[in-house]
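The following exercises are to be worked with the sequence and the three-dimensional model at hand. Each task is followed by a solution in steps.

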Amino acid sequence: MSDDQRTGADDQATLGRIETEVALLMRLGEATRRATGTAEHRVLDRAAYVILRHLDAAGPQNVSALAAQLNLDGSTVTRQVSALQRDGLITRAPDPADGRGTVVSPTAAGLQRMAAVRAARTRLYGDILGDWDAEDRDTLARLLGRLNEALSARNRRR
């Protein structure tokens, strides 16, 4: 076997390991969320949490921009936003850039719930990664960020 063939086979094996680990990460992450007994983890579903986190970071958005940023279909985001509004977690206001449209913003209650979930998740990962050194935790955060950026860029190109 040539060096190029060996390198190609090694690369395929590594990509296979990555695929398996990502699949396990998603399954175990969801299982951990469901199994965690504290109420803070359950005050928002995953979709609501992601929308509120994005609005907190990016500011008021129209639904189309929100859908594009989250790589979701506009009708999906519209349903999720309607549910958040019904629960008093977001408000709608006229879009200053286009008076025909609206922008959504988190309410104080929405930000409070999002912060509670974020704090609970941070504590959970602190417990899970408690025996990792700071450099390993930083490396994990950096590499997960790169993976998320690559996934997001790929989805935007579609």
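**Exercise 1.** In which helix is Ala-116 found? Determine also whether Ala-116 is buried, partly exposed or exposed.

*Solution.* The model is a predicted one. Step 1: Ala-116 lies in helix α5. Step 2: its relative accessible area is 27%. Buried requires a value under 20% and exposed a value over 50%, so Ala-116 is classed as partly exposed. Step 3: Ala-116 is separated from Leu-44 by 72 residues in sequence, while their C-alpha atoms are 9.4 Å apart in space.

**Exercise 2.** Describe how α2 and α5 are arranged and which residues meet between them.

*Solution.* Two packed helices are described by the angle and the distance between their axes. Step 1: the axes of α2 (residues 46-58) and α5 (residues 108-128) come within 10 Å, crossing at roughly 110°. Step 2: angles of 65 to 115 degrees count as roughly perpendicular, and α2 and α5 are therefore roughly perpendicular to each other. Step 3: from α2, the residues Tyr-49, Leu-52, Arg-53 and Asp-56 take part; they meet Gly-110, Leu-111, Met-114, Val-117, Arg-118 and Arg-121 of α5. Step 4: by class, the residues of this contact are five nonpolar, four charged and one polar.

**Exercise 3.** How many residues does the largest nonpolar core have, and which elements give two or more residues to this core?

*Solution.* Step 1: the largest nonpolar core has 18 residues, and those with the most contacts inside it are Leu-44, Leu-66, Val-81, Leu-84 and Ile-90. Step 2: two or more residues come from each of α2, α3, α4 and α5. Step 3: α2 provides the largest share, with five residues. Step 4: take Leu-84 as an example. Apart from neighbours within four places in sequence, Leu-84 is in contact with Ala-48, Ile-51, Leu-52, Leu-89 and Ile-90.

**Exercise 4.** How do strands β1 and β2 run, and how many residues form the hairpin connection between them?

*Solution.* Step 1: β1 (residues 90-95) and β2 (residues 98-106) run antiparallel and are joined by six bridges. Step 2: the hairpin leads from β1 to β2 through two residues. Step 3: Pro-94 has Thr-102 in β2 as its bridge partner.

**Exercise 5.** Where is Asn-71 found, and what is the sign of its phi?

*Solution.* Step 1: Asn-71 belongs to the loop between α3 (63-70) and α4 (74-86). Step 2: phi of Asn-71 is near 55°, a positive value in a residue other than glycine. Step 3: with 31% relative accessibility, Asn-71 counts as partly exposed.

Technical notes:
Residues numbered from 1 in each chain as written. Predicted model: local features only at pLDDT ≥ 70, side-chain atom pairs only at ≥ 80, totals over all residues. Heavy atoms only, no water. Helix = DSSP H or I, 4+ residues; strand = E, 2+ residues; numbered from the N terminus. Buried < 20%, exposed > 50% of the residue type's maximum accessible area, 1.4 Å probe, protein only. Pairing = 2+ DSSP bridges. Axes fitted to C-alpha atoms, helices over the stretch in contact; angles between N-to-C directions. Parallel < 35°, antiparallel > 145°, perpendicular 65-115°, else oblique. Contact = heavy atoms within 4.5 Å. Nonpolar A, V, L, I, M, F, W, Y, C, P; charged D, E, K, R; others polar. Core = buried A, V, L, I, M, F, W, Y, C linked by side-chain atoms within 4.5 Å.
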